[in-house]
Amino acid sequence: MGKQLPMGIRVIYMEDITTQKKGSGIEESHFRITLNGVQIEERDLKGFLHSKYFPIAKMRKGRKQIINARSMVKSMGFVPPNSIDLVISHNSGPQLKPADIIKGVFHLSEDETSKIRILKTKQVIG
């Protein structure tokens, strides 16, 4: 397998997971969202974090589905000067993309949403 990897990348540990109990999967994902000049309001973040239910619409199989974004977000916070850290819990049920969450929480337009950059920084597998 090592011969197939790009130069500078090497395998340091492998584990056979085929015998592990079913249901092991991604528990949470961590993201750094760079706003690239998109202006957002701190009050929107505070309102979201203090809510118990925050509906965001998602199109699924041609139908609009309402998903509670607040139950998915484990944490979200500003990182100066122009970024947000977002941690999403992967519970059962439909999921939202980080861009959909940021768009909904901060009431961004499609144009504004297209300017942000999202980098997955970590995944926790259980």
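**Close-up 1. P81 and its cis peptide bond.** P81 sits in the loop between β4 (73-79) and β5 (83-89), where helices (H or I, at least four residues) and strands (E, at least two) are DSSP runs numbered from the N terminus. The peptide bond from P80 to P81 is cis, with omega near 5°. A word on what you are looking at: this is a predicted model, in which local features need pLDDT of at least 70 and side-chain atom pairs count only at pLDDT 80 or more, while totals for chains, interfaces and linings use all residues. Residues are numbered from 1 along each chain as its sequence is written, and side-chain values use heavy atoms, with hydrogens and water left out.

**Close-up 2. T34 and the partners of β1.** Strand β1 (26-34) pairs with β6 (residues 117-125) in the antiparallel sense over 8 bridges; pairing requires that DSSP finds at least two bridges between two strands. β1 is also joined to β5 by 7 bridges, again antiparallel. Look for T34: it stands opposite R117 in β6 and opposite S83 in β5.

**Close-up 3. The largest nonpolar core.** Such a core is a set of buried Ala, Val, Leu, Ile, Met, Phe, Trp, Tyr and Cys residues joined through side-chain atoms within 4.5 Å. This one has 24 residues, and I33, M76, I84, I101, I102 and F106 touch the most other members. At least two residues each come from β1, α1 (42-50), α2 (69-72), β4, β5 and α3 (98-106), with α3 giving the most, 4 residues. F106 contacts (heavy atoms within 4.5 Å) I40, E41, D44, L45, M76, F78 and I84, leaving aside residues up to four places away in sequence.

**Close-up 4. Positive phi at K61 and H107.** K61, in the loop between β2 (55-60) and β3 (63-68), has a positive phi of about 55° although it is not a glycine. H107, in the loop between α3 and α4 (110-115), also has a positive phi, near 55°. K61 is exposed at 79% relative accessibility, and H107 is exposed at 57%; here exposed means over 50% relative accessible area, buried under 20% and partly exposed in between (1.4 Å probe, protein chains only).

**Close-up 5. A nonpolar surface patch with M1.** M1, L5, I9, V11 and M14 make a nonpolar patch of about 500 Å². M1 belongs to the segment before β1 and is exposed, with a relative accessible area of 64%. Patch residues have over 30% relative accessible area and no salt bridge, and nonpolar side chains (Val, Leu, Ile, Met, Phe, Trp, Tyr) are joined within 5 Å, like charges within 9 Å. A salt bridge is a side-chain nitrogen of Lys or Arg within 4 Å of a carboxyl oxygen of Asp or Glu. Areas come from the Shrake-Rupley method with a 1.4 Å probe; for residues, only the protein chains shown count as cover.
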